[in-house]
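Trainee: Please take a close look at a single residue of this model, and show me how its setting connects with the rest of the assembly.

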There are 2 protein chains.
Amino acid sequence: MAYEQLKLDNQLCFRLYTAARLTMGAYHPYLDPLGITYPQYLVLLVLWEQDKQPVNDIAHKLYLETNTVTPLLQRMEKAGLVKRTKGKEDTRQRIVSLTKKGINMREQAKHVPECLSADIIKNEGSVEEIAQMISTLDKLIEGLKQQ
Amino acid sequence: MAYEQLKLDNQLCFRLYTAARLTMGAYHPYLDPLGITYPQYLVLLVLWEQDKQPVNDIAHKLYLETNTVTPLLQRMEKAGLVKRTKGKEDTRQRIVSLTKKGINMREQAKHVPECLSADIIKNEGSVEEIAQMISTLDKLIEGLKQQ
DNA sequence: TCAATTTATATCGTTCACGATGCAAAAATA
DNA sequence: TATTTTTGCATCGTGAACGATATAAATTGA
């Protein structure tokens, strides 16, 4: 019966979609006090690893389009977390750099990953299963990345 | 070094978030011709399993809030896929039912799951790994569902 | 060198997602 | 029964995502 496949329970994507939303929701207790959203936190993670990057590099590392990242960065600039300056060699580029506030937030967010890990492990139990899933997700993402 | 944990690579949520977006993107070639989005497809899956459900039941099955589902259903009604009628016993309820167009779309969407499975398996390889991941995702979702 | 093409970013429009709030109907309770 | 509380849905505002389109700067190539 082909219709069997149309059942919600059978679908991988639905679980990814749901798990992603619920996991992002689990960040709320830790990110709300900092006044940032999860996508903004991702941008900060990228900039904490390496400051002063063009929009394109940030978008690429997050697998996002620049038309998603540009407004995101504009909001973050308005919030005083980043600065966006014209590129020196290539004036088409916008170099995004951390402000003092953006730099300081790294210290305030230091414990977020541990808190999340604790929340997830507490709920799920097996560290090995999570590790295995991360590996499978990486392969899935790698495959889907190139259309 | 606590900062090590702040690295993007270490994060489960980032992978779920990315995999979910890319997987939803993989539905585009199959859903665009039908004129529906992925969340709309999810609503149809729910209604194909059982027609005539109140907004709340649909939202619950998709782990979404009613304030997400209501506008979604309004757009689907405008597109002629569903009808929304006042509940008989409980007049607060809105009973959502499929139109002819909504019913017929089941046949047109019959092969979508196979196509997606093929795309994913082709890219990833191991069916067992996907099955294992689905099981882990279910536990993760179950744990996160109750805050 | 000058036109054609590509690249980096921005803008626009539509659809989600969700917290906060509103409102009427139902249920609970005094 | 009258009042309070809860429930079901809707509306509003904000922040993503992303396809389509625009624009200026850089690159390519004739």
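Mentor: Helices here are DSSP runs of H or I with at least four residues, numbered from the N terminus. On that basis the residue to look at, A:Tyr27, belongs to helix α1 of chain A. The model is predicted, which applies to everything that follows.

Start with the burial of A:Tyr27. Its relative accessibility is 2%, and the cut-off for buried is under 20%, so A:Tyr27 counts as buried. In chain A as a whole, 48% of the 147 residues are buried.

Next, the surroundings. Beyond its neighbours within four places in sequence, A:Tyr27 is in contact with A:Tyr38, A:Tyr41, A:Val112 and A:Leu116 of chain A, and with B:Gln11 and B:Cys13 of chain B. A:Gln108 is 81 residues from A:Tyr27 in sequence, while the C-alpha atoms of the two are 14 Å apart. Across chain A, 43% of the contacts between residues at least 6 apart in sequence join residues at least 24 apart.

The fold that holds this residue has seven helices and three strands in chain A. Read from the N terminus, the order of elements is α-α-β-α-α-β-β-α-α-α. The C-alpha trace of chain A spans about 60 × 35 × 25 Å along its principal axes.

The two contacts of A:Tyr27 with chain B lead to the interface. There, 58 residues of chain A are in contact with 58 residues of chain B. The size of an interface is often given as the accessible area lost when the parts come together. For chain A and chain B the buried area is about 6100 Å², and carbon and sulfur atoms give 71% of it. The rule finds four salt bridges across the interface. A:Glu129 and B:Lys139 form a salt bridge, with their closest N and O atoms 2.7 Å apart. Polar contacts between the chains come to 14 residue pairs, both residues being at pLDDT 80 or more. On the chain A side, at least two residues each are supplied by α1 (12-31), α2 (38-49), α5 (100-108), α6 (112-124) and α7 (127-145). By class, that side of chain A has 34 nonpolar, 10 polar and 14 charged residues.

Helix α1 also leads to the DNA. Of the 25 residues around DNA strand C, A:Tyr17, A:Arg84, A:Arg92, B:Thr37 and B:Arg75 come nearest. Sugar and phosphate make up 74% of the strand C atoms that come within 4 Å of the protein. Backbone atoms take part: a polar backbone atom of A:Asn56 is 2.7 Å from a phosphate oxygen of DNA strand C, and a backbone N or O atom of A:Arg94 is 2.9 Å from a phosphate oxygen of that strand. Two or more residues each come to this surface from α1, α3 (55-61) and α4 (66-78) of chain A, and from α2 (38-49) and α4 (66-78) of chain B.

DNA strand D is likewise surrounded by 25 residues, the closest being A:Gln40, A:Arg75, B:Thr70, B:Arg84 and B:Arg92. Sugar and phosphate account for 75% of the strand D atoms that come within 4 Å of the protein. A side-chain N or O atom of B:Arg84 lies 2.6 Å from a phosphate oxygen of DNA strand D. A base is also involved, since a polar side-chain atom of A:Arg92 lies 3.4 Å from a base nitrogen of DNA strand D. The surface near DNA strand D holds six nonpolar, 11 polar and eight charged residues.

How values were computed:
Residues numbered from 1 in each chain as written. Chains lettered and ligands numbered in written order. Predicted model: local features only at pLDDT ≥ 70, side-chain atom pairs only at ≥ 80, totals over all residues. Heavy atoms only, no water. Contact = heavy atoms within 4.5 Å. Buried area = accessible area lost by both parts, 1.4 Å probe. Salt bridge = Lys/Arg side-chain N within 4 Å of Asp/Glu carboxyl O. Polar contact = N/O pair within 3.5 Å; in protein donor to acceptor, adjacent residues only side chain to side chain. Nonpolar A, V, L, I, M, F, W, Y, C, P; charged D, E, K, R; others polar. Near = heavy atom within 4 Å. Buried < 20%, exposed > 50% of the residue type's maximum accessible area, 1.4 Å probe, protein only.
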